[in-house]
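Let's take a walk through this structure, starting with a few backbone oddities in loops and working inward to the cores and the cavities. Keep the model open and turn it as you read.

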Amino acid sequence: MTVNTPPMGWNTWNTFGENISEDLIIETCDAMIEKGLRDAGYTYVVIDDCWSCRERDSEGRLRADPEKFPHGIKYLADYVHSKGMKLGIYSCCGPKTCMGYPGSLDHEFIDARFFAESEVDYLKYDWCYHPRIIEGRVFYNRMKMALNASGRDIVFSVCNWGQDGLFDWIRGVGGDLYRSTGDISDNFTSIREIFRSQIDNLPLSGPNCFNDLDMLVCGMNNKGNVSAGGCSFEEYKTHFALWCMAQSPLMIGCDVRNIDDQTLALLKNPELIAIDQDPAVRPVVFRQWPWMNMHSYAKHLANGEYAFALVNFNDEDPQTVSYCFAEIGLPLTGEWGFKLRDCDTGEEFEKIFEDKVSATLQPHSARVFRGRPVRIR
Ligand code: GLA
């Protein structure tokens, strides 16, 4: 499997936890199409933990819980495929999943065959209950080998929370994306901690192996399985902008069937999605003024443009945050400046920004701009 840009889709866990069903998957798939999310790029529908029976069958195979998924997993794969979408599923490298369902330890090949026969397209592979005497890379190597042997192209979504020296081996074991932190919860502190913990790791993230900052909490509004106080819409905007600047996979976590209009518009923002899906996948290499909780980032994009993000991570004070173009090599002789557009509105600014781009930002707010250097005189 070649995964050139970060996968985008939806995952059951953040909102629904254990309360998942065939109807939920079908209704969500339909809602994603009706609301334009599939066409905006969100094509994976991922069933997280709690989908199987508590026991394997007499031949050691996993089975979908017949009450939650009466027609089984292949039926759902057929359904989502008929709608131009892809199906993801979940297992764990320990003997049990995080929620206590059967894990794939010592069943890797039989489980991979089950996923392939079910025509699943994506496997999220978790880290709970792994035997600690075995190095983490062994479990992921083995499942990758089992997926390869299954004969089906299945995206391998590693979820070991950045542990066991993951950054040294994740490319080697063939993970297509990898969770680098513990679980997100629905509040701004969690968003800020996850993003800031991974800034220095982003140079490792690239085509075929994306740093996954965890599923989005945009639009959850403190409802669901990972609720922890909720966020303001402004904070959800910052969250989405940061995940796009980091080129993280974008897995929606809210209930898409009941999504509000402003969240929908945010998740479909074409300018931010274009940055997330930029084919060059350059890390955010420059940042300034990390003191005072003011961050600004620049990113090289494939078409020769740059993205700039300004963020006020402060909890209380508004701040004027700037990115000075000299930091990315623009000669400050007055001959060059930047022509920019606002990635929130898509508006192209008339003026040329000569030495910096600045914005006065409320606490927990961000702005993203995109553009190219132009000659002034
Ligand atoms: C772990 C993962 C989460 C989710 C749950 C399911 O905590 O990190 O993303 O998959 O397990 O139990």
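Asn 222 counts as partly exposed, because its relative accessibility is 35%. You'll find Asn 222 in the loop that runs between strand E7 (210-212) and H9. Its backbone is worth a look in this predicted model: phi of Asn 222 sits near 65 degrees, a positive value in a residue other than glycine. Most residues other than glycine have a negative phi.

Now jump to Val 281, which also has a positive phi, near 45 degrees, and again isn't a glycine. The loop in this case is the one between helix H11 (270-276) and strand E9 (286-288). Is Val 281 buried or exposed? Val 281 is buried, because its relative accessible area is 7%, and buried means under 20%.

Let's go back towards the start of the chain. Thr 43 is in the loop between helix H3 (37-40) and strand E2 (44-46), and it counts as buried because its relative accessibility is 18%. What does Thr 43 contact, once neighbours within four places in sequence are left aside? The answer is Met 8, Gly 9, Arg 38, Gly 84, Met 85 and Lys 86.

One of those partners, Gly 84, comes just after helix H4 and takes a positive phi of about 75 degrees. H4 itself covers residues 72-82, and its buried residues are Gly 72, Ile 73, Leu 76, Ala 77, Tyr 79 and Val 80. What do they pack against? Their packing partners are helix H2 (22-34), strand E2, strand E3 (86-92) and helix H5 (108-117).

Time to zoom out. The protein is divided into domain 1, residues 8-276, and domain 2, residues 285-375. Their C-alpha centres lie 32 Å apart, and the contact takes 19 residues from domain 1 and 22 residues from domain 2.

What about the nonpolar interior? In soluble globular proteins, nonpolar side chains tend to be buried together. Here, the largest nonpolar core has 108 residues, and the ones that touch the most other members are Tyr 42, Trp 51, Tyr 140, Phe 240, Trp 243 and Tyr 297. Helix H9 gives this core its largest share, seven residues. Each of the two domains, domain 1 (8-276) and domain 2 (285-375), puts at least three residues into this core.

Pick out Phe 240 for a closer look. Leaving aside neighbours within four places in sequence, Phe 240 is in contact with Tyr 42, Leu 216, Cys 218, Leu 250, Leu 266, Leu 267, Leu 272 and Ile 273. There's also a second, separate core, this one of 18 residues, including Leu 310, Tyr 323, Ile 328 and Leu 340.

Finally, let's hunt for empty space. How many cavities of 30 Å³ or more does a search of the whole structure find? It finds four, and the largest of them holds about 130 Å³. Its lining is made up of Glu 234, Lys 237, Thr 238, Ala 241, Leu 266, Leu 272, Cys 343, Asp 344, Ala 366, Arg 367 and Val 368. Two of those, Leu 266 and Leu 272, you've already met as contacts of Phe 240.

Which elements supply at least two residues each to the lining of the largest cavity? Helix H9 (233-245) and strand E16 (365-375) do, and H9 provides the largest share, four residues. By class, that lining has six nonpolar, one polar and four charged residues. Like the largest core, the lining of the largest cavity draws at least three residues from each of domain 1 and domain 2.

The second largest cavity holds about 80 Å³. Around it are Asn 11, Val 46, Tyr 122, Lys 124, Ser 157, Val 158, Cys 159, Arg 179, Asp 212, Asp 214, Met 215 and Met 251. Strands E4 (122-126) and E5 (155-159) each supply at least two of these lining residues, and E5 has the largest share, three. Sorted by class, the lining of the second largest cavity comes to six nonpolar, two polar and four charged residues.

How values were computed: Residues are numbered from 1 along each chain as its sequence is written. This is a predicted model: local features need pLDDT of at least 70, side-chain atom pairs count only at pLDDT 80 or more; totals for chains, interfaces and linings use all residues. Side-chain values use heavy atoms; hydrogens and water are left out. On a 1 Å grid over the protein atoms alone, a cavity is a set of points where a 1.4 Å probe fits but cannot get out, and a pocket is an open set with protein on both sides within 12 Å along at least five of seven lines; lining residues have an atom within 4 Å of a point. Grid points are joined across faces, edges and corners, and a volume is the space filled by probe spheres set on the points. Ala, Val, Leu, Ile, Met, Phe, Trp, Tyr, Cys and Pro count as nonpolar, Asp, Glu, Lys and Arg as charged, and the others, Gly among them, as polar. Domain bounds come from an automatic or database domain assignment. A nonpolar core is a set of buried Ala, Val, Leu, Ile, Met, Phe, Trp, Tyr and Cys residues joined through side-chain atoms within 4.5 Å. Buried means under 20% relative accessible area, exposed over 50%, partly exposed in between (1.4 Å probe, protein chains only). Contact means heavy atoms within 4.5 Å.
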